[in-house]
Amino acid sequence: MGFLDIDNTTKSYGAVEVLHQVHISIEEGEFLVLVGPSGCGKSTLLNMIAGLEEISSGEIRIKDQVMNGVHPSKRNIAMVFQSYALYPNMTVGQNITFGLEMHGIPKPEREKAMKEVAELLQIEQLLDRKPGALSGGQRQRVAMGRALVRDPDVFLFDEPLSNLDAKLRVDMRTEIKKLHQKLGTTIVYVTHDQIEAMTLSTRIAVMYGGYVQQLGTPQEIYDSPANIFVATFMGSPAMNVMPAKVALKDGRPFAVVELHDGTPAELPFSQDNLAAWDGRGIMLGIRPETITDEDAADRKSSNIAPMTNRITVTEPAGSDTFVTMTLGGKDVIARMRSDADVRPGADFKFSVNMEKAVAFDPETEMRIAP
Amino acid sequence: MSLATQDSAIRTGRVTRTLIYLVLLLFALFYMLPLYVMVVNSVKPLDEITGGGMMNLPQVFTLEPWAKAWSSAQIGVDPTGLKPYFWNSIKMVVPAVIVSTVLGALNGYVLTKWRFRGDTILFGLMLFACFIPFQIVLIPMARMLGLMGMAGTTWGLVLVHVVYGIGFTTLYFRNYYAVFPTELIRAAQIDGAGFFQIFWRILLPSSGPIAVVSIIWQFTNIWNDFLFGASFAGADSQPMTVALNNLVQSSTGVKEYNVHFAGAILAALPTLLVYIVAGRYFVRGLMAGSVKG
Ligand SMILES: Nc1ncnc2c1ncn2[C@@H]1O[C@H](COP(=O)(O)OP(=O)(O)O)[C@@H](O)[C@H]1O
Ligand SMILES: [Mg+2]
């Protein structure tokens, strides 16, 4: 039993099931991020935790209390909405204390709680303004203040940063992370942005098509993706996935991949159980940052494989240079140091960190676990 | 929208614009003419009118016709003037406008934020109410009022106007609330506000523009209504419009046109006043509803 349990929960609208058998359990103080492309059911799941959407089957429990059918205001949760949802006719102060007022908390206590939260979020000077007179970042803070003042068991965030410009988004992201570290509250956070998911979370649920594809720590999700969807969705640029064949040499499994001219390159696997796939096709997954020049190869890795291939495009991006090549018939991207000596059209000797490579079953698209 | 206006303003030349203003001015004069005739003749002694100078300014200025129309003219059988009927109208219009607007707002709230199975069909049926001709409901309504013991009373008239107005007020508020962010309602739910608290504290304070539209619309329609007033009112609940008709139709003695004109202006004054006070908001509210909805 965790702090928040989502137990075999499904959601249907009429005959259409939009969430299938979701099973998530987190401990107190965790930061769970629900991430996935638009329409995968993240908001629906969050609204079910909030009590804004009914649960079609299964159970949601907070602190071992079954929440099915419990009114949103009785769940001791607070929510920050994508549009902030500040009441336009009330001042910032009234916005923050409205929930307390509805719960019958006397005025002096409300004022005290409001002052504390305003101080924490540095919005004291805004308390008498109407939401219409605030900037996007200020509204965001007020929305968080309204959630914080309730001192809830669980915070729910639905894409809270997606209406902010890029710079402010990064700042607020850091701020939310700091707030979580300081207050230690349990948070469920919805986003379609995998970078937000990686940076904020202690646990990520990657969702797609109404299914939770994988639940794990950011590290697990990144290094051991459950399937091709998770592998390519998480990480930027996306993981390269290309067809390859498994071959045995002295009993050790190798990935055989076609270079730009169709000649085979042999890359040794670190994963011994792939020997069972001898002679069969797999999908090989290699992250862009694990393809480097020789000098930049990870010194701690026990399995660096050389590979010479032709460069098709180079894209300098300041700190890194992205290099595109054809491998296994696909465009494959390598993330190189900016001072690497790469020129389009030239052959280049790459180093591939095969310790980090993953293999997928081409039929099921599931990872072949070590 | 402002961009488009600016754009067309640049393209129309000076000549075209003068022409447009000229035509507009002509139309305006044409429409103002009846008002002119009414005002001018309501402040003349009767012999100046019967002498054949309808369009002339008064030679002798008098407020006598106004005083007579208000307090002593013959209405039907009694020389009461329009005064008691004016109050009848007020007693009917004010509650009818308030009740139909509040009910329309509640309907709009439920139809957009507390959706249920079949709500669109229900809304469609309510819209249908806007298109039912008055004549069709006269007899059934008379029967209903009789059964409820409200025949011939002001409250009966209030009920009729509320029922007839709900279709319109619901339409206005539903379209206005359809674009009101649902996340606000959800936030209020999580904050612990109930059905009516959300309505009073969150929704109504943001409903100013559409409330003005609804109030003006209902006020004008109910104040100006003649048919329901003539059909359902009793002797002591007749509204202003019916009384005006009786004033003009009273066949005892000479026709006092100046008094009739003054009475007609008196009957039209409240709606004029409402337009002058709140007309700006009316247009603004209609735009807010239509553009976004
Ligand atoms: N009220 C509804 N009726 C029918 N289908 C809905 C309703 N709300 C959401 N859906 C469907 O459920 C799926 C998940 O929606 P949502 O949770 O909003 O996705 P996300 O937040 O991940 O973008 C979508 O395919 C959407 O079309
Ligand atoms: Mg969403």
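Me: Which pattern does chain B follow, read along the sequence?
Reply: This is a predicted model. Chain B has 14 helices and zero strands. Read along the sequence, the pattern is therefore written with helix symbols alone, helices being DSSP runs of at least four residues. It reads α-α-α-α-α-α-α-α-α-α-α-α-α-α.

Me: What box do the C-alpha atoms of chain B fill?
Reply: The box is taken along the principal axes. Its rough dimensions are 75 × 65 × 30 Å.

Me: How many residues does chain A bring to the contact with chain B?
Reply: Contact here means heavy atoms within 4.5 Å. Chain B gives 15 residues. Chain A gives 27 residues.

Me: What area is buried between chain B and chain A?
Reply: The size of an interface is often given as the accessible area lost when the parts come together. Here carbon and sulfur atoms give 58% of the buried area. The total is about 1,800 Å².

Me: Which residue of chain B meets Glu101(A) in a salt bridge?
Reply: Across the interface of chain B and chain A, the rule finds three salt bridges. In one of them, nitrogen and oxygen lie 3.0 Å apart. That is within the 4 Å cut-off, so the pair counts. The partner of Glu101(A) is Arg201(B).

Me: Which helix gives the largest share of the side of chain B that touches chain A?
Reply: The interface also has nine residue pairs in polar contact. On chain B, helix H9 (182-190) and helix H10 (195-203) each supply at least two residues of the touching side. The largest share is seven residues, and it comes from H9(B).

Me: How many residues on the side of chain B that touches chain A are nonpolar?
Reply: Sort that side by class. Four residues are polar and four are charged. The nonpolar residues number seven.

Me: Which residue has a polar side-chain atom 2.6 Å from an oxygen atom of ligand 1?
Reply: The residues around ligand 1 include Tyr13(A), Gly39(A) and Ser43(A). Tyr13(A) places a polar side-chain atom 3.3 Å from a nitrogen atom of the ligand. Gly39(A) comes within 2.6 Å of a ligand oxygen, but through a backbone N or O atom. The side chain asked for belongs to Ser43(A).

Me: What share of the area of ligand 1 does the protein bury?
Reply: Take ligand 1 alone, and it exposes 560 Å². The protein buries part of that, namely 56%.

Me: Which helix gives the largest share of the shell around ligand 1?
Reply: The shell divides into three nonpolar, five polar and one charged residue. Its largest share is three residues from one helix of chain A. That helix spans residues 42-50 and is H1.

Conventions. Residues numbered from 1 in each chain as written. Chains lettered and ligands numbered in written order. Predicted model: local features only at pLDDT ≥ 70, side-chain atom pairs only at ≥ 80, totals over all residues. Heavy atoms only, no water. Near = heavy atom within 4 Å. Polar contact = N/O pair within 3.5 Å; in protein donor to acceptor, adjacent residues only side chain to side chain. Areas by Shrake-Rupley, 256 points an atom, 1.4 Å probe, with all protein chains shown as cover. Nonpolar A, V, L, I, M, F, W, Y, C, P; charged D, E, K, R; others polar. Buried area = accessible area lost by both parts, 1.4 Å probe. Salt bridge = Lys/Arg side-chain N within 4 Å of Asp/Glu carboxyl O.
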